[in-house]
Amino acid sequence: MTQARPASDTTAPSGPGGDDYLERRALRRGSAGWVLLTGLGVAYVVSGDFSGWNFGLAEGGFGGLAIAMVLMGVMYTCMVFSLAELSSILPTAGGGYGFARRALGPWGGFLTGTAILIEYVLAPAAISIFIGDYVESLGLFGLESGWPLILVCFLIFIGIHLWGVGEALRFSFAVTGIAVAALLVFAVGAFMEFEPSGLNDIKVDTEAFGANSWLPFGILGIWAAFPFGMWFFLGVEGVPLAAEETRNPARTLPKAIRWSMLILVVLAVLTFVAAAGARGSAAIQEAGNPLVEALQPGGEPTTLSRIVNYAGLAGLVASFFSLIYAGSRQLFALSRAGYLPRFLSLTSRRKAPYLGLLVPGAIGFALAAGSGDGARMLNVAVFGATISYALMSLSHIVLRRREPGLDHPYRTPGGILTSSVALVLACAALVATFLVDVTAALIALGVYVVALAYFGLYSRKHLVARAPEEEFAALAAAEAELERN
């Protein structure tokens, strides 16, 4: 092994020179087409349709959450169009880290990758707690929520990932299909009980600026509801992380990203309006299981509410399972390039990054079993997500301006105007997280400080030039040097 010299934005870092370095860190190529990737994009998010978003009603009321959902939907739509272009240019497992590395240099790449890791390590940990609560509430096999059940979740689903990516994505697709079908069935049943008056039945805070029946907490309530509007879409940006395991990624990834977002928008509108109108916004604003609550106006379970309740568990499993996948690929890419310890990117004979699965899984289990506070962990995850959104949107703007000659198999409609809208809304969402949970935001910032200290003091001097994301950046630096000369 040879140690690298310090890297800069214009000088490619050197790294391990052994021929087998990348061979021992190879993923299984061509395992997924656009249909499986579309399922993956929906799986990341689908649990958010079953619960979580409704707490935004307590922050902004129906009107405030509706506006927040629309604005966050615009942010995600603009961002995924930008990501579709970037993933067609740089189809590597680094995803957002790789895009930011090319556009913003090593520091920008590490900042983005760390933010993504915060999201994809904390979110599965939180969801594992919710799975335990669901299993207990449904009375499945007499099991109770607690660390043994959380441990079983991590062991089973990480085990499937270790089996192989093709098998894992097919499992995720099947479970996601069950959850989506249940959401559609729910919408049909809920609309049969729909009452428009129930949408704005939350008591108005007369002291809030701009308050009315549709905005019971005033104008500021819209902003405070941003993080909950994100729950309908949170995680879809993880599709590009499957780039190195995809057939023809330059064509497949943009198609899968667009279809995922379209499906999620439809599900968000149907779920939100149907649930609030069937039972009333006030009744579901603090419910742990709002869809089931919406189908039980008298408090008595029905056949349909039981079906939706079981399907909610399927939605949680789908998101938990797919987010484990996303986190492992982001960690794999950062480790392979030397930003994190290199041994974390080693792959098994089945081409699975086994330590990239086991280490975040162990951390997630410890957090879930130790804290038991799923809501707080999700707020930390949202904080990390908003930072990554801002940096990825900025990366699209920078690359469009600095490297207009790049080959673009897919081009973002609207160009940098589209990514600029995503950037502004992502920054607004980042500030909104402080309105909802200051402690969660400070926890995420604390993790950032520790990570940046590690990068600044050590890993930036030991980057691996042969990693795909670093090679892309080195090529750009070389071309820029030629143009200057």
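Q: What counts as buried, exposed or partly exposed here?
A: Buried means under 20% relative accessible area, exposed means over 50%, and partly exposed is anything in between, using a 1.4 Å probe and protein chains only.

Q: Okay, and what kind of model am I looking at?
A: This is a predicted model, where local features need pLDDT of at least 70 and side-chain atom pairs count only at pLDDT 80 or more, while totals for chains, interfaces and linings use all residues. Residues are numbered from 1 along each chain as its sequence is written, and side-chain values use heavy atoms, with hydrogens and water left out.

Q: Let's start with K351. Where is it, and is it buried or partly exposed?
A: K351 sits in the loop between α12 and α13. Its relative accessibility is 31%, so K351 counts as partly exposed. The helix names come from DSSP runs numbered from the N terminus: helices are H or I with at least four residues, and strands are E with at least two.

Q: What's odd about its backbone?
A: K351 has a positive phi of about 60° although it isn't a glycine. N248 isn't a glycine either, and has a positive phi of about 50°. You'll find N248 in the loop between α8 (226-229) and α9 (249-279), and at 44% relative accessibility it is partly exposed.

Q: Switching to helices. How far apart are the ends of α3?
A: The end C-alpha atoms of α3 (residues 57-89) are only 40 Å apart. With 33 residues, a straight helix would reach 48 Å at 1.5 Å a residue. That expected span is 1.5 Å times one less than the number of residues.

Q: Where is the kink in α3?
A: It is centred on G63, and the kink is about 85°. The bend at a residue is the angle between two fitted axes, one for the seven residues ending there and one for the seven starting there.

Q: How much of α3 is covered?
A: Mostly covered: 25 of its 33 residues are buried. F62 is found in this helix, and at 10% relative accessibility F62 counts as buried. The C-alpha atoms of F62 and V204 are 11 Å apart, though the two are 142 residues apart along the chain.

Q: How many disulfides are there?
A: Zero. A disulfide is a covalent bond between the sulfur atoms of two cysteines, and here the cut-off is a pair of cysteine sulfur atoms within 2.5 Å.

Q: Why doesn't C427 have a bond?
A: Because the closest cysteine sulfur, in C78, is 14 Å from the sulfur of C427, too far for a bond. C427 is partly exposed at 36% relative accessibility. C153, on the other hand, is buried, with a relative accessible area of 6%.

Q: New topic: what's the volume of the largest pocket?
A: About 620 Å³. On a 1 Å grid over the protein atoms alone, a pocket is an open set of points with protein on both sides within 12 Å along at least five of seven lines, a cavity is a set where a 1.4 Å probe fits but cannot get out, and lining residues have an atom within 4 Å of a point. Points are joined across faces, edges and corners, and a volume is the space filled by probe spheres set on them.

Q: What lines that pocket?
A: There are 25 lining residues, with L117, I118, V121, I363 and V447 nearest the centre of the pocket. Helix α4 gives the largest share, six residues. The lining splits into 21 nonpolar, two polar and two charged. Nonpolar here means Ala, Val, Leu, Ile, Met, Phe, Trp, Tyr, Cys and Pro, charged means Asp, Glu, Lys and Arg, and the others, Gly among them, are polar.

Q: How many cavities did the search find?
A: Four, counting those of 30 Å³ or more. The largest cavity holds about 170 Å³ of space. Its lining has 15 residues, and S47, G48, I127, L234 and L378 lie nearest the centre. Helix α4 gives the most to that lining, with four residues.

Q: And the second largest, what's its volume and which helix gives the largest share?
A: The second largest cavity has a volume of about 90 Å³, and α13 gives the largest share of its lining, four residues. Among the residues lining this cavity are Y120, F154 and P360. Its lining divides into eight nonpolar, four polar and no charged residues.
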